[in-house]
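Reader: Hey, I've got this one open and I'm a bit lost. Can you walk me through it?

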Amino acid sequence: MARATLDKRPAEVAQMFDAVADRYDRMNAVMTFGQERRWRRAVAAALALRPGMRVLDLAAGTGASSLPFAAAGAVPVSCDFSPGMLAVGRRTHPDLTFVAGDALRLPFADAVFDATTISFGLRNVADVGQALAELARVTRPGGRLVILETSQPPARPLRAMNRLYTARVMPLIARVFSSDPSSYAYLAESAGEWLDQQALADALRAAGWTGVGWRDLLFGAVALHSAHKPAG
Ligand SMILES: C[S@@+](CC[C@H](N)C(=O)[O-])C[C@H]1O[C@@H](n2cnc3c(N)ncnc32)[C@H](O)[C@@H]1O
């Protein structure tokens, strides 16, 4: 199938994830050397979840990113706009609540979530500022946002290694493990184009979030940003 372009046209991005949905979880585990489970637990810890908290997991895909929230006793809502990813999620995780929705026009009322989060989804969204504003709209005053996303290692040699891994090694792994290797060419390019840690922090502040900070994972190849919605 045609791969998505870096313009990130929503229909193309959704179709691309439809095409990789079947083997997405396995591909993720291989590409991250099994690290992604640890990172997902770090997201749950950063959200400071308590039993009963309502959490929006935006761009939740097959729901793998939502599992630690349910394990912590919170009540996750797993939202995504790819019918293929949602179908795999509903089949593999029948206990999770999946909702079809676009990050740029979330199908939720204002301030209905205690916390919101997005893992490896924000860089695929066509308008990052709009998505961060929508996340702020649906978060209650004082609620927390945590973003897990690829980033740029601050140390130059590691940054070069990371670029090499993304541009050369990831497509090879995709050829073996993915149902649609061409989509991973797009994912690799979109990682290269994506904001570094400081730029994402600036985008968060511009969208009205406060208390913005981040933590590097895997030498900064991945970053975990957190912020609060002002208490009002
Ligand atoms: C790399 S997957 C991440 C899935 C999951 N969060 C995880 O960590 O495994 C990115 C997901 O973002 C979704 N996505 C991209 N743009 C979106 C948008 N505008 N609205 C909703 N979902 C979106 C895709 O459909 C895809 O399922």
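Reader: Where is Phe33?

Author: Phe33 sits in the loop between H2 and helix H3 (36–46). Helices (H or I, at least four residues) and strands (E, at least two) are DSSP runs, numbered from the N terminus. Before we go on: this is a predicted model, where local features need pLDDT of at least 70 and side-chain atom pairs count only at pLDDT 80 or more, while totals for chains, interfaces and linings use all residues. Residues are numbered from 1 along each chain as its sequence is written, and side-chain values use heavy atoms, with hydrogens and water left out.

Reader: Cool. Is Phe33 buried or exposed?

Author: Exposed, with a relative accessible area of 60%. Buried means under 20% relative accessible area, exposed over 50%, and partly exposed in between (1.4 Å probe, protein chains only). Phe33 also has a phi near 50°, a positive value in a residue other than glycine.

Reader: And what about the phi of Ala59?

Author: Ala59 has a positive phi of about 60°, and it isn't a glycine. You'll find Ala59 in the loop between S1 and helix H4 (67–71). Ala59 counts as partly exposed because its relative accessibility is 24%.

Reader: New topic, the ligand. Which residues come nearest to it?

Author: Arg40, Ala59, Asp80, Ala103 and Ser119 come nearest, out of the 20 residues around the ligand. A residue is near a molecule or strand if one of its heavy atoms lies within 4 Å of it.

Reader: So Ala59 is back! What is the ligand's distance to a polar backbone atom there?

Author: A nitrogen atom of the ligand is 2.7 Å from a polar backbone atom of Ala59. That's a polar contact: a pair of N or O atoms within 3.5 Å; within protein, one must be able to donate a hydrogen and the other to accept it, and residues adjacent in sequence count only if both atoms are side-chain atoms. Asp80 makes one through its side chain, with an N or O atom there 2.6 Å from a ligand oxygen. For Phe81, a polar backbone atom is 3.3 Å from a nitrogen atom of the ligand.

Reader: How much of the ligand does the protein cover?

Author: The protein covers 97% of the 600 Å² of accessible area that the ligand has on its own. Those areas come from the Shrake-Rupley method with a 1.4 Å probe; for residues, only the protein chains shown count as cover. Helix H1 (10–20) and helix H2 (24–31) are the elements that give two or more residues to the shell around the ligand.

Reader: What kinds of residues are in that shell?

Author: Ten nonpolar, seven polar and three charged. Ala, Val, Leu, Ile, Met, Phe, Trp, Tyr, Cys and Pro count as nonpolar, Asp, Glu, Lys and Arg as charged, and the others, Gly among them, as polar.

Reader: OK, now the inside. Which residues touch the most other members in the largest nonpolar core?

Author: Leu56, Leu122, Leu132 and Trp209, out of 28 residues in that core. A nonpolar core is a set of buried Ala, Val, Leu, Ile, Met, Phe, Trp, Tyr and Cys residues joined through side-chain atoms within 4.5 Å. The elements that each supply at least two residues of this core include strand S1 (54–58), strand S2 (75–80) and helix H6 (128–138). H6 gives the largest share, six residues.

Reader: What does H6 pack against?

Author: The buried residues of H6 pack against S1, S4, S5 and H9. They are Val128, Ala131, Leu132, Glu134, Leu135, Ala136 and Val138.

Reader: Which residue caps the N-terminal end of H6?

Author: Asp127, with a side-chain oxygen 3.3 Å from the backbone nitrogen of Gly129.

Reader: Back to Leu56. What does it touch?

Author: Among its contacts (heavy atoms within 4.5 Å) are Val77, Phe108, Ala115 and Leu135, not counting residues up to four places away in sequence.

Reader: Last one: where is Ser78, and is it buried or exposed?

Author: Ser78 is found in strand S2. Ser78 is buried, because its relative accessible area is 0%. Asp57, Ser66, Leu86 and Phe98 are among the residues that Ser78 touches, again leaving out residues up to four places away in sequence.
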